[in-house]
Amino acid sequence: MDKTESGSLPDVDVDVDTEAGNMPEYDVDWADVDVTTTTRMVEVPKVTVEMVEEEVEVPVLDVDWPSEYGDAEETTFMVEADVDQEAELEIQEIYATGQRMIVLASLDKDGEMLQDGQMMRVSDQVVVNAPDMDVRYYIIGDRPEGMSNTRYRYIADRSDISDMLSNGRSIYSKD
């Protein structure tokens, strides 16, 4: 950012006559982004999945948002991970901080290892009537190997983001 003109406060005399002031002006140089593609060899899962409908309990939050957030609509917050052993993934808390939602989940890989090369997808979801906000997902636990596990931020424990949570308000807690 380059300042292009200095600012000044208005001159005021005792007769309460004023002269106009001058606000500073700035030229802002922002990031220049070039988007390209490249070809890479990656492991791609070849999966056959049979989808069956099954009734499951899904938490649904009806939040009465302050008017400055605007209209709310039903939104599903979902986390998922591909793991090589039996595991549980659960959304622990959801926070609203200004114009951002923070979804905090935990990944517990405490089951038996799957057979060589096999993967299993674990997931959890919470339905919230929420306004259009930026959403950040954090998973407490070790990031499993694999390309599909890169869309969430993995952290060691809740204290890694405690400063963000302290400025927010909890709208959901598993406990």
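1. Buried means under 20% relative accessible area and exposed means over 50%, with partly exposed in between. T75 has a relative accessible area of 25%, so T75 is partly exposed. T75 belongs to strand β4. Its C-alpha atom is separated by 9.1 Å from that of D132, a residue 57 residues apart from T75 along the chain. Please keep in mind throughout that this is a predicted model.

2. On salt bridges, a search of the whole structure finds six. The general background is familiar: side chains of opposite charge can pair when their charged atoms come close. Three of the pairs are taken up in the points that follow.

3. R121 and D82 meet through their side chains in a salt bridge, at 2.7 Å from N to O. R121 lies in strand β7 (residues 120-131) and D82 in strand β4, so this pair ties together parts that are 39 residues apart in sequence. What is the exposure class of each partner? R121 counts as partly exposed because its relative accessibility is 47%. D82 counts as buried because its relative accessibility is 13%.

4. A further salt bridge joins E90 and K174, where the closest N and O atoms are 3.7 Å apart. E90 sits in strand β5 and K174 in the segment after β10 (169-173), so the pair ties together parts that are 84 residues apart in sequence. With a relative accessible area of 26%, E90 is partly exposed. K174 is partly exposed too, its relative accessible area being 38%.

5. The side chains of D134 and R136 form a salt bridge as well, at 3.3 Å from N to O. D134 has 33% relative accessibility and therefore counts as partly exposed. R136, at 24% relative accessibility, also counts as partly exposed. Which residues are joined into one network by salt bridges that share partners? They are R100, D134 and R136.

6. Turning to ring contacts, the structure holds two aromatic pairs. One of them is formed by Y137 and Y152, and its geometry is edge-to-face, with 5.5 Å centre to centre and 70 degrees between the planes. Y137 is in strand β8 (residues 134-140) and Y152 is in the loop between β8 and β9 (153-155), so the pair ties together parts that are 15 residues apart in sequence. Why does the pair count as edge-to-face? The label applies because planes over 60 degrees apart count as edge-to-face, and here the angle is 70 degrees. Both tyrosines, Y137 and Y152, are buried.

7. There is a negative patch on the surface, made up of E86, E88, D108, D110 and E112. One of these residues, E86, is placed in the loop between β4 (72-83) and β5 (88-97). Its relative accessibility is 41%, so E86 counts as partly exposed.

8. A nonpolar patch also appears on the surface, formed by Y26, V28 and W30. Together these residues have about 420 Å² of accessible area. W30 is in the loop between β2 (25-27) and β3 (60-61). Is W30 buried or exposed? W30 counts as exposed, because its relative accessibility is 77%.

9. A last remark concerns I161, which is found in the loop between β9 and α1 (162-166). The relative accessible area of I161 is 3%, so this residue is buried. L104 is 57 residues apart from I161 along the chain, and the C-alpha atoms of the two are separated by 9.6 Å.

How values were computed
Residues are numbered from 1 along each chain as its sequence is written. This is a predicted model: local features need pLDDT of at least 70, side-chain atom pairs count only at pLDDT 80 or more; totals for chains, interfaces and linings use all residues. Side-chain values use heavy atoms; hydrogens and water are left out. Patches are made of residues with over 30% relative accessible area and no salt bridge: like charges are joined within 9 Å, nonpolar side chains (Val, Leu, Ile, Met, Phe, Trp, Tyr) within 5 Å. Accessible areas come from the Shrake-Rupley method with a 1.4 Å probe; for residues, only the protein chains shown count as cover. A salt bridge is a side-chain nitrogen of Lys or Arg within 4 Å of a carboxyl oxygen of Asp or Glu. Lys and Arg count as positive and Asp and Glu as negative; His and the chain ends are not counted. The place of a charge is taken as NZ of Lys, CZ of Arg, CG of Asp or CD of Glu. Helices (H or I, at least four residues) and strands (E, at least two) are DSSP runs, numbered from the N terminus. Buried means under 20% relative accessible area, exposed over 50%, partly exposed in between (1.4 Å probe, protein chains only). Rings of Phe, Tyr and Trp (its six-membered ring) pair if their centres lie within 6.5 Å; planes under 30 degrees apart count as stacked, over 60 as edge-to-face and the rest as tilted.
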